[in-house]
Amino acid sequence: MKAKTKLAVFASGTGSNFVAIQAAIEQGELDAEVVLVVSDQANALVLDKAKAFGVETFVFDPKAFTNKAAFESKIVEALHIKAVEGIILAGYMRLIGPTLLHAFEGRIINIHPSLLPSFKGLDAIGQAFEAGVKITGVTIHYVDAGMDTGRIIAQACVAIDDADTRAMLQTNIQQVEHKLYPETIQTLITKGDFS
Ligand code: GAR
């Protein structure tokens, strides 16, 4: 039997997608193991969640390095030590540079809270809400050097009702994310994308 696929989750914030991934693993729906949580924010809530699940963390302060290549080299080192096969970006609010892209070519994916190519970048939920669109959603895509520009893997729609608040929209989007991300990761593992 093939060993479980070793994943690293990169996150800068709350970590609800990390928890959804862990839950899917525990329920036997995702044939993977999160061996490292990487964060650029020392106070990120995701770090407490990682500890609660007994997952090792790698935290770095970008300002302590001369440039992106320098901190990404350290990250790559940590990923290799843990024999990571695939990188799952889950609210990691930084562009990935050439150092990480080359080390994990085709093996980095991201989740974004809109139907790309609409509403790229920061606060995609707020952007959709302010634009008054009736349908937005969630996109999972491969990561390239651009901002939310890589090849799309999966998408799901979320309707915006006239009575919805921005907070309600965020809840609805995250509910969809928590189902779509583990399912999509499992599909990629089955296809052999991370090995
Ligand atoms: C998620 O909604 C994710 O789609 C978004 O950050 C949130 C992280 O939530 N990512 C982006 O906006 C990336 N451009 P979480 O920390 O609770 O998983």
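**A walk from the sheet to its cores**

Let's start with β2 (32–39) and β3 (57–59), which pair in the parallel sense over 3 bridges; strands are DSSP runs of E with at least two residues, helices runs of H or I with at least four, numbered from the N terminus, and pairing takes at least two DSSP bridges between two strands. This is a predicted model, where local features need pLDDT of at least 70 and side-chain atom pairs count only at pLDDT 80 or more, while totals for chains, interfaces and linings use all residues. Residues are numbered from 1 along each chain as its sequence is written, and side-chain values use heavy atoms, leaving out hydrogens and water.

Within this pair, V38 has F58 of β3 as its bridge partner. The wider sheet is open, with 7 strands in the order β3-β2-β1-β4-β5-β6-β7 and mixed pairing. Because β3 and β7 stand at the edges with a single partner strand each, one side of each has no neighbour in the sheet.

Now look inside. The largest nonpolar core (buried Ala, Val, Leu, Ile, Met, Phe, Trp, Tyr and Cys joined through side-chain atoms within 4.5 Å; buried means under 20% relative accessible area, with a 1.4 Å probe and protein chains only) has 36 residues, and V37 and Y181 are among those touching the most other members. The element giving the most to this core is α6, with 7 residues. Apart from this core lies another of 22 residues, F58 and F71 among them.

Finally, follow α6 (166–191). Its 26 residues should span 38 Å at 1.5 Å a residue, which agrees with end C-alpha atoms 36 Å apart; the expected span is 1.5 Å times one less than the number of residues. After α6 comes G192, with a positive phi near 85 degrees.

Conventions: Buried means under 20% relative accessible area, exposed over 50%, partly exposed in between (1.4 Å probe, protein chains only).
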